[in-house]
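Okay, thanks for coming, everyone. I'll put the sequence and the structure up, and then we'll walk through a few parts of the fold together.

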Amino acid sequence: MRAILAVALVSGAAAISAPSAPRVEVLRSVGALPAHIAGSFRQPMAFQQTDAGQYLVFDRRAHAVYEIAGDTAKKIVEIGAEEGRVIDPSAFDSDPAEGSFVVADAPMRRQRIQIFNATGGRIGGFTLPSREVSRLTLDALVLNGIGSIQFTGRSIVINQPESGALISEIGLWGQPMRSFGELRTSGQEDPDVHMALNAGFPLVDPTGGFFFVFGAGVPIFRKYDAKGALLFERHVEGPEVDAYLRTMPARWPKRRNEDGDVLPFVPPAVRSAGVDRAGRLWIALSAQPVTYVYDGTGEKLRTVQFKGADILSPNSLFFTRNGHVLVTPGCYEFPSPAF
């Protein structure tokens, strides 16, 4: 581990259990960004590391991307609507092999994706043809627009349910490559609610294919092969989601936001999701600070919690070359449990 990571308060993993509850494994941090760096970010929504060892932090509220150099955070992408800067950003992802990264933002409420090299220089970018409605957020979560993005180094993967498919793969210059994944039937007459219940996390599986995790409504995930064919669908089940399911309404009210747009308020069931380098799917819940881990066949392997200074609810999950998990908020590093 590089010296820029502070010494962990407690290392390793521990387990807690209750007589009436399934086993929950507590992962304790083995490192973190120094407190004076982590505390300087306004809303860190991604903490990632390239295979060369470079650490990147995406601070959504600061409209910026930082490189962690020594004991300082160097801003390599600044706020701004012009090309090479970002304004009202919603999502970030990097290509660990090359160090390049992408940021989705919304200048003049137009959805844009820009590609940057490892030092923050703009490589390219494009604006999506559809106009974005006003951004709807819950805490740190973006509930509409490009709330989740995956960057393969050769293409960009996003969720665009308004296109009629769950997963859209786009070339580096904005050219559509393919869309796949049938929208689920929501039973909702309101098209905005129907779209919200088909929003979620499109995830590239490093071992092959894709996962899609629905963000709201009945928590479900699907696995697709490399050609986009559905392999299986699984429900996300466990005592931590029972209360969410019991209180989930049949109809969702709409609210007028500060921009005057009237949008449905659909609280998410899933806070974050990611796929580690062995092809295991991690799903962080919204209602409880708990993360479920599934294998490549959809079987649940672990129920884990992340403990830094305290138990935290991950806004993002990133899996390093050495098998560790980088998590925001707090910019902590955790060991992976033994599988």
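Let me start with a question: which residues point one way from S26, and which the other way? Have a look at the strand while I say one thing up front: this is a predicted model.

Right, so here's how S26 splits. Leu 281, Ile 283 and Leu 285 go to one side, Trp 282 and Ala 284 go to the other, and every one of them is buried. That fits the count for the strand, which covers residues 281-285: five of its five residues are buried.

Now the neighbours of S26. On one hand there's S25, residues 270-275, which pairs with S26 in the antiparallel sense over five bridges. If you want a register mark for that pair, use Ser 272, which sits opposite Ala 284 in S26. The two strands form a hairpin with five residues between them, and in that hairpin Gly 279 has a positive phi near 85°.

On the other hand there's S27, residues 291-294, joined to S26 by four bridges and also running antiparallel. Here the register mark is Trp 282, whose bridge partner in S27 is Val 293. And again you get a hairpin, with five residues linking S26 to S27.

So what do those buried side chains pack into? In general, nonpolar side chains in soluble globular proteins tend to be buried together. In this model the largest nonpolar core has 25 residues, and the members that touch the most others are Leu 203, Val 213, Phe 221, Leu 281 and Ile 283. You'll recognise Leu 281 and Ile 283 from one side of S26.

The core draws on quite a list of elements. Helix H2 (191-196), strands S19 (200-204) and S20 (210-214), helix H3 (239-247), and then S25, S26 and S27 each supply at least two residues. If you click on Val 213, leaving out residues up to four places away in sequence, its contacts include Phe 201, Leu 203, Phe 221, Val 270, Leu 281 and Ile 283. There's also a second, separate core of 14 residues, with Ala 62, Ala 64, Leu 326 and Cys 331 among them. Keep Cys 331 in mind, we'll come back to it.

Quick stop at H3. Its buried residues are Glu 240, Val 241 and Tyr 244. Looking down the axis of H3, they fall within an arc of 75°, so they line one face of the helix. The background you all know: an α-helix has 3.6 residues a turn, so residues three or four places apart point the same way.

Next, a different sheet. It's an open one with four strands, in the order S15-S16-S17-S18, and the pairing is antiparallel. S15 (149-151) and S18 (176-182) are the edge strands, each with a single partner, so each has one side left without a neighbour in the sheet. Ignoring direction, neighbouring strands here are turned by 20° against each other on average. Zooming in on one pair, S17 (residues 165-171) and S18 are antiparallel over five bridges, and Glu 169 stands opposite Arg 178 in S18.

Last topic, loops, and this is where the backbone angles come in. Which residues have a positive phi of about 55° without being glycine? One is His 63, and another is Cys 331. His 63 sits in the loop between S6 and S7 (64-69), and with a relative accessible area of 18% it still counts as buried. Cys 331 is in the loop between S31 and S32, and it's buried too, at 1%.

That loop has another feature. Pro 329 lies between S31 (325-328) and S32 (332-334), and the peptide bond from Thr 328 to Pro 329 is cis, with omega near 0°.

Two more buried loop residues and I'm done. Thr 50, in the loop between S5 (44-49) and S6 (55-59), is buried at 6% relative accessible area. Outside its own stretch of four places either way, Thr 50 touches Pro 96 and Gly 99. And Pro 89, in the loop between S8 (72-77) and S9 (91-94), is buried as well, at 1% relative accessibility. Its C-alpha atom is 9.3 Å from that of Gln 111, with 22 residues separating the two along the chain.

Okay, that's the tour. Over to you.

Conventions: Residues are numbered from 1 along each chain as its sequence is written. This is a predicted model: local features need pLDDT of at least 70, side-chain atom pairs count only at pLDDT 80 or more; totals for chains, interfaces and linings use all residues. Side-chain values use heavy atoms; hydrogens and water are left out. Two strands pair if DSSP finds at least two bridges between them. Axes are lines fitted to C-alpha atoms, for helices over the stretch in contact, and angles run from 0 to 180 degrees between N-to-C directions. Buried means under 20% relative accessible area, exposed over 50%, partly exposed in between (1.4 Å probe, protein chains only). A nonpolar core is a set of buried Ala, Val, Leu, Ile, Met, Phe, Trp, Tyr and Cys residues joined through side-chain atoms within 4.5 Å. Contact means heavy atoms within 4.5 Å. The arc is that of the directions from the helix axis to the C-beta atoms.
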